[in-house]
Amino acid sequence: MTIAPSHPPLRELRGSRRSVDLAGIVRRVAATPSLWKPHAKLHGADRTWTRIVVPEDVDVWVIAWGTSSSTDLHDHGESAAAFTTVRGVLTEIRPDARGRLIPRKHAPGIVAEIAPGEIHDVTNEVVQTAVSIHAYAPRLETMTFYTREPDGTIAPDRIVRTGLPEVI
């Protein structure tokens with residue numbers, strides 16, 4: 001099974017008007033604990049998030065991941081994304097061209113880039129609360145969530161409008 005993003009790959013966006021160094025933004029925020037630590041809720045089993053302001057016209061979120069919390073398979077609509085872990089270890093899962101779910105561990109300092117329309121999941125598989133920094137451009141408006149069918153295919157399940165959370 002082939003899963004093709006419905007939008008241009010991230011490398012094609014870099015040369016366009018929509019070019020934003022999302023990896024650089026998450027690295028910069030991660031290196032400035034005063035920007036993210038006050039918003040990292042380290043207690044509880046759920047996933048919590050807070051949107052913070054940065055000079056660039058992008059969405060930046062601080063996400064705390066309780067044990068076993070997950071996003072489920074999703075894409076970011078027309079937004080490109082990047083994230084880095086600043087505390088703990090997260091597992092990102094992406095389907096390969098045959099639909100197999102391939103996990104990758106993200107310890108602090110590793111930056112992942114996600115092209116518009118690309119499907120992935122992020123989960124905290126360890127007991128320690130994890131914290132990550134995420135950036136989206138253009139601003140995150142919709143997310144499509146997917147289910148894995150009994151035959152192994154990945155199918156769209158629902159589209160969620162993100163709305164804008166409170167800006168800190």
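Here is a quick tour of the cores, one hairpin and one buried threonine in this model. The model is predicted, so local features need pLDDT of at least 70 and side-chain atom pairs count only at pLDDT 80 or more, while totals for chains, interfaces and linings use all residues. Residues are numbered from 1 along each chain as its sequence is written, and side-chain values use heavy atoms, with hydrogens and water left out.

**Nonpolar cores**
- The largest nonpolar core (buried Ala, Val, Leu, Ile, Met, Phe, Trp, Tyr and Cys residues joined through side-chain atoms within 4.5 Å; buried means under 20% relative accessible area with a 1.4 Å probe, protein chains only) has 22 residues.
- Helix H2 (22-30) and strands E2 (59-65), E3 (80-87) and E8 (130-137) each give two or more residues to this core; helices (H or I, at least four residues) and strands (E, at least two) are DSSP runs, numbered from the N terminus.
- H2 supplies the largest share of this core, six residues.
- A second, separate core has 14 residues, including Trp61 and Met143.
- Isoleucine 133 touches Trp36, Trp61 and Phe83, among others, where contact means heavy atoms within 4.5 Å.

**The E9/E10 hairpin**
- E9 (residues 142-148) and E10 (residues 154-161) pair antiparallel over seven bridges; pairing takes at least two DSSP bridges.
- Phenylalanine 145 has arginine 158 in E10 as its bridge partner.
- Five residues sit between the strands of this hairpin, where glycine 152 takes a positive phi near 95 degrees.

**Threonine 50**
- Threonine 50 lies in strand E1 (residues 47-52) and counts as buried because its relative accessibility is 9%.
- Its side chain makes a polar contact of 3.3 Å with the side chain of lysine 41; that term means N or O atoms within 3.5 Å, one able to donate a hydrogen and the other to accept it within protein, and residues adjacent in sequence count only if both atoms are side-chain atoms.

Conventions. Buried means under 20% relative accessible area, exposed over 50%, partly exposed in between (1.4 Å probe, protein chains only). Lists of a residue's contacts leave out its neighbours within four places in sequence.
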